[in-house]
Amino acid sequence: MSGSGRLSSLLIHGVLILGIAVIAFPILIALIASSHDQITLVGKFPFYFGEHFIENYRTVLGEGMKRAGGGAVGPMLMNSFVMAIVIAVGKIVISILSAFAIVYFRFPFRMGFFWMIFITLMLPVEVRILPTYQVIANLELLNSYTGLTLPLIASATATFLFRQFFLTVPEELTEASRIDGAGPMRFFWDVLLPLSRTNIAALFVIVFIYGWNQYLWPLLVTQEESMYTVVMGIQRMVTVADAQAEWNLVMATTILALLPPVLVVVLMQRWFVKGLVETEK
Amino acid sequence: MAAVAFSAVRKSYGNNPVIHGVDMQIADGEFIVIVGPSGCGKSTLLRMVAGLEAISAGTIAIGERVVNNLEPKDRDIAMVFQNYALYPHMSVFENMAYGLKIRGFSKSDIEARVKRAADILQLDPYLARRPRELSGGQRQRVAMGRAIVRQPAVFLFDEPLSNLDAKLRVQMRIEIKRLHRELGVTSIYVTHDQIEAMTLADRLVVMNGGRAEQIGPPKEVYERPATTFVATFIGSPAMNLIPARVQAPDLFELAGGLSVRLPAPRGAAAGTDLTFGIRPEHVALADDGAPLTVELAEELGADTIVYGRLDGGQELVVRVPGYLELNIGDRVGIQIDTSKVHLFDKASGQRL
């Protein structure tokens, strides 16, 4: 038992270490690359950190890559952050309310609405991107936070998730609160919302990262540099015409773009895991 | 506190009737137990009082008010659910205080009431805990506390002890009884457990298929069951029901050939078929009685339940004192206590 236990434990650790290495190695490369100057990175790759770390980060945050026509990363990060937060909060608010309506109220065509929401699951953003663009353009919402976030807020997945969760809340709880004298919104606020908090946390993490990583949509709706997000910023830095891409700065930007999602995951980890594995009842 | 009156209360889901007209007057402070097999409509009836199910026809009045169209919160009732239905994210205190908070009671008022309820239910040490940190019995006490603090006119219990283990169930049963004596609040209690029904009830309502088959004090229901359904539902093991025929004005012949000397009910001419009922505890062993072959003996300790067969093939259950040693295949003589016989109409099952 102990022999095979040691072997399997070794195997498990081997696989885990391999997995970590596969994920961590690119990040290490990015970190190392972001610590050298541009010349060092041409044609070869150093194995250890250079001396331009702080300088590089100061450059991208403050002035950006002037030569490549890239703006400062600071405002981009800000844009990305606003977009991700608005999308995450908006998605959660909208979908928890629609799930509440669908599960707890009897209104005409209730199931019809549910299926309409459900069917949109099958349509990813990319499929409806042209008509959506047309609508946003006609509403003159290009180059605005509203245009950046509004089309991404409606979410069938989140609505569905909350619906499934609400269905598991025992009916007696609803009845008990009715007898206690709570109206529908009071019940929502006092009972349903607190019970959903782990779900909300898990969803927040997922949706925040989803919003942060949006690429195609921001690329379409923003033409002004002041509205660029960091993910599209990186892309613009790489595709420079008639010049060598400044990889050291690109890598510094990448590392910066990586930080907020990581921070969100780390801060919400406890709740996130709870929301995924535990059904608290 | 208030009386509750049901008049011709009906319930149907679409075209599917589930309650077929219940009439009942519950006196102020009375403890009523509604008992019946699952699907008989007992919970539906309770939920109609609570306002959780609409009343299809007829009226339910609590006190002087007809409550048909009132929201649950306006009916002045409190309900205890089978699975407790405590708010999992609130402490015991908050669970009990929630209804009062919504109704706008002052903080000190809430505290005093919860404190008093916690005292009655011995929940003081647990007020800060979450429901999941409590045992089943404690959770059920919190659920009762939530009902008590509201000081409602009527308590509604929906199989509150079904999720508890046997020992706790007995303990909580006694506690509910004591609570009712102390508070004197009109209570309606739904259960399928006949021991709970017999011990708790001032009056018992035996329901079957959406009808109240019999309403009366437990002892009366036991001693004079109105129908064969009530006869077999109340009492464990169930009453023996044996097809019988009137032979002469004072002679019955039971299926299996056993003859019993007993005055026939009025209007039952010789040749009438009816159902003859005798409880297992009203059959005694007697050396010169009708012979019975023992097929199974369940030794419960205090007494032994004998499942046997008469020579004519009729099955019969007999309760005998526990000190008797009986084995499968033994032959014993039995004697029916003719003063404890119940006679029912064969077709309708009504008591004769």
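Which residue forms a salt bridge with Arg203(B), and how far apart are the closest N and O atoms? I looked that up and found Glu30(B), with 2.6 Å between the closest N and O atoms. My rule for a salt bridge was a side-chain nitrogen of Lys or Arg within 4 Å of a carboxyl oxygen of Asp or Glu.

**Ground rules**

I am working on a predicted model, where local features need pLDDT of at least 70 and side-chain atom pairs count only at pLDDT 80 or more, while totals for chains, interfaces and linings use all residues. Residues are numbered from 1 along each chain as its sequence is written, chains are lettered from A and ligands numbered from 1 in the order in which they are written, and side-chain values use heavy atoms, with hydrogens and water left out.

**Entry: salt bridges within chain B**

I placed the first pair on the fold. Arg203(B) lies in strand S9 (residues 203-208) of chain B and Glu30(B) in the loop between strand S2 (16-26) and strand S3 (31-35), so the salt bridge ties together parts that are 173 residues apart in sequence. My helices (H or I, at least four residues) and strands (E, at least two) are DSSP runs, numbered from the N terminus.

Then I checked accessibility, calling a residue buried under 20% relative accessible area, exposed over 50% and partly exposed in between (1.4 Å probe, protein chains only). Arg203(B) is partly exposed at 22%, and Glu30(B) is buried at 11%.

Next I took Arg245(B), which forms a salt bridge with Asp273(B), closest N and O atoms 3.0 Å apart. Arg245(B) is in strand S11 (residues 240-248) of chain B and Asp273(B) in strand S14 (residues 273-278), so this pair ties together parts 28 residues apart in sequence. Both ends came out partly exposed: Arg245(B) at 40%, Asp273(B) at 33%.

Over all chains I get 21 salt bridges.

**Entry: the interface of chains A and B**

How many residues does each chain give to the contact? I get 26 from chain B and 19 from chain A, contact being heavy atoms within 4.5 Å. The two chains bury about 2000 Å² between them, 58% of it on carbon and sulfur atoms. Buried area here is the accessible area (1.4 Å probe) that two parts lose on being put together, summed over both.

I find two salt bridges across this interface. One of them joins the side chains of Arg47(B) and Glu175(A), 2.7 Å from N to O. Arg47(B) also has a partner in its own chain, Glu53(B), with the closest N and O atoms 3.2 Å apart. Glu53(B) and Arg47(B) are both buried. Following the links, I end up with a network of salt bridges made of Glu175(A), Lys11(B), Arg47(B) and Glu53(B).

I also went through polar contacts (N or O pairs within 3.5 Å; within protein, one atom must be able to donate a hydrogen and the other to accept it, and residues adjacent in sequence count only if both atoms are side-chain atoms). Nine residue pairs, both at pLDDT 80 or more, are in polar contact across the interface. On the chain B side, the elements giving two or more residues are helix H1 (42-50), strand S6 (77-80) and helix H2 (92-102). H2(B) gives the largest share, four residues.

**Entry: helix H2 of chain B**

Since H2(B) kept turning up, I looked at its burial. Eight of its 11 residues are buried, among them Met96(B), Tyr98(B) and Leu100(B). I see the buried residues packing against helix H8 (171-180) and helix H9 (184-195) of chain A, together with helix H3 (107-121) and helix H4 (136-149) of chain B. After the helix comes Gly104(B), with a positive phi near 80 degrees.

**Entry: strands S15, S16 and S17 of chain B**

I counted two strands as paired if DSSP finds at least two bridges between them. Strand S15 (residues 283-299) of chain B runs antiparallel to S16(B), joined by seven bridges; Val294(B) has Gly308(B) as its bridge partner. Three residues separate the two strands in a hairpin, and Gly301(B) in the turn has a positive phi of about 105 degrees.

S16(B) also pairs with strand S17 (residues 315-321) in the antiparallel sense, over seven bridges. Here Thr304(B) is partnered by Val320(B). This hairpin has four residues between its strands, with Gly313(B) in the turn at a positive phi of about 105 degrees.

Why is S16(B) largely enclosed by the rest of the structure? I noted that six of the eight residues of S16(B) (residues 303-310) are buried, so the strand is largely enclosed.
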